[in-house]
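Visitor: I am new to this structure and should be grateful for a guided reading of it. May I ask for an overview to begin with, and then for a close look at a single part?

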Amino acid sequence: MTENRTEALPSAEHHEGGFRPMPGPDHSEPIEDLRGGPWFGEYIAQVRGLMDRVRLSCPSDEQALEAIARLKELNDLLDATVVDEWSLPGWVRRDLPANGNITLPPFFIDHADNDNVQARLTFDTFHLGGNAAAHGGHIALAFDTLLGTIASLHGESPTRTASLTVDYRSITPLNRELSARAWTERREGRKIFVRGTIHDGDRLCAEAHGLFLTLEPGQQ
């Protein structure tokens, strides 16, 4: 695509169904908009580190009060950084895990075309369910993101999730790079049927199938 990527970003008036603009199928377009600056990646990494520590935290009263005071100061500082949804770095920062979106397990897409997406995915300590395994809800979140990506690429349009079913086949470990794949099965009009898997080496951790709907102009 040769259009200006900044001009293609959604806005409150034209939000493309509330999703980021469609990337090039192979994710090879140069990243020209480093929104958030050169330190945004480290900033997100430190936030993820905080989330990991809080997940396993059992503070004393003194530690809790001190942490609360510091967090209040930090929140006051961050108030000045808040922007509207359409100005977030996550629309454009494909150089960062999960585009810098801390609500998602960090992942990198290695290959994407209209029928297949291959990615590397890590569930952090924050995503703990129990017994050093990832929480099933976070696994479903990862599938929703990856299957939604392939559905949008295949349909060449933003999509919304209509149905998502996850089958948990074995333990999904934390803090280990996993391989993930999503692909299209078929399309029926606006309906796009997709599947996906997450593997730890040769071991299947989970698989999913979903139904996504392409959005009509103006739909949210």
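Which pattern does the protein follow when read along the sequence? After that, please look closely at strand β8 (203-214), and then set that strand beside other parts of the chain.

Guide: The model shown here is a predicted one. Read along the sequence, its elements follow the pattern α-α-β-β-β-β-α-β-β-β-β, and the protein has 3 helices and 8 strands. The chain holds 220 residues, of which 40% count as buried. Among the contacts with a separation of 6 or more, 67% join residues 24 or more positions apart.

We may now turn to β8, beginning with its partners. Strand β8 pairs with β7 in the antiparallel sense, over 10 bridges. These two strands form a hairpin with 2 residues between them, and Gly201, in the turn, has a positive phi of about 65°. At this hairpin, Asp200 has Arg203 of β8 as its bridge partner. Strand β8 is also joined to β5, again in an antiparallel arrangement, by 9 bridges. In that pairing, Thr214 of β8 stands opposite Thr159. Strand β8 is thus bridged both to β7 and to β5.

The side chains of β8 deserve attention next. In a regular strand, side chains alternate between the two faces of the sheet. Glu207 of β8 forms a salt bridge with Arg169, at 2.7 Å from N to O. This pair links distant parts of the chain, for Arg169 lies in the loop between β5 and β6, 38 residues away from Glu207. How exposed are the two partners? Glu207 counts as buried because its relative accessible area is 17%, under the 20% limit. Arg169, by contrast, is partly exposed, with a relative accessible area of 49%. The pair also belongs to a network of salt bridges that links Asp167, Arg169, Glu185, Arg195 and Glu207.

Strand β8 has a part in the interior as well. The largest nonpolar core has 31 residues, and those with the most contacts inside it include Phe143, Leu147, Val194 and Ile198. Strand β8 is one of the elements that give two or more residues to this core, and among the others are β1, β2, β6 and β7. The largest share, 9 residues, comes from helix α3. Val194 shows how β8 meets its surroundings: this residue touches Ala208, His209, Gly210 and Phe212, and its contacts also include Leu147, Ile150, Ala151 and Trp183.

For comparison, one may look at another hairpin, formed by β1 and β2 with 3 residues between them. These strands run antiparallel and are joined by 5 bridges. Within the pair, Phe108 has Arg120 of β2 as its bridge partner.

Beyond β2, in the loop that leads to β3, one finds His127. This residue counts as buried because its relative accessible area is 2%. A polar atom of the side chain of His127 lies 2.8 Å from the backbone nitrogen of Asp124. Around His127, its contacts include Pro105, Pro106, His135, His138 and Leu174.

The salt bridge of Glu207 may also be set beside others, as the protein has 11 salt bridges in total. In one of them, Arg70 and Glu66 meet at 2.6 Å from N to O. Both residues lie in helix α2, 4 residues apart, or about one turn of the helix. An α-helix has 3.6 residues a turn, so residues three or four places apart point the same way. Arg70 counts as exposed, at 56% relative accessibility, whereas Glu66 is partly exposed, at 43%. A further salt bridge joins Arg93 to Asp95, with the closest N and O atoms 2.9 Å apart. Here Arg93 is buried, at 3% relative accessibility, while Asp95 is partly exposed, at 31%.

Helix α1, finally, has 16 residues and reaches 23 Å from its first C-alpha to its last, close to the expected 22 Å. Its buried residues include Phe40, Ile44 and Met51, together with Arg48 and Asp52.

Methods. Residues numbered from 1 in each chain as written. Predicted model: local features only at pLDDT ≥ 70, side-chain atom pairs only at ≥ 80, totals over all residues. Heavy atoms only, no water. Core = buried A, V, L, I, M, F, W, Y, C linked by side-chain atoms within 4.5 Å. Buried < 20%, exposed > 50% of the residue type's maximum accessible area, 1.4 Å probe, protein only. Contact = heavy atoms within 4.5 Å. Expected span 1.5 Å × (residues − 1). Pairing = 2+ DSSP bridges. Polar contact = N/O pair within 3.5 Å; in protein donor to acceptor, adjacent residues only side chain to side chain. Salt bridge = Lys/Arg side-chain N within 4 Å of Asp/Glu carboxyl O.
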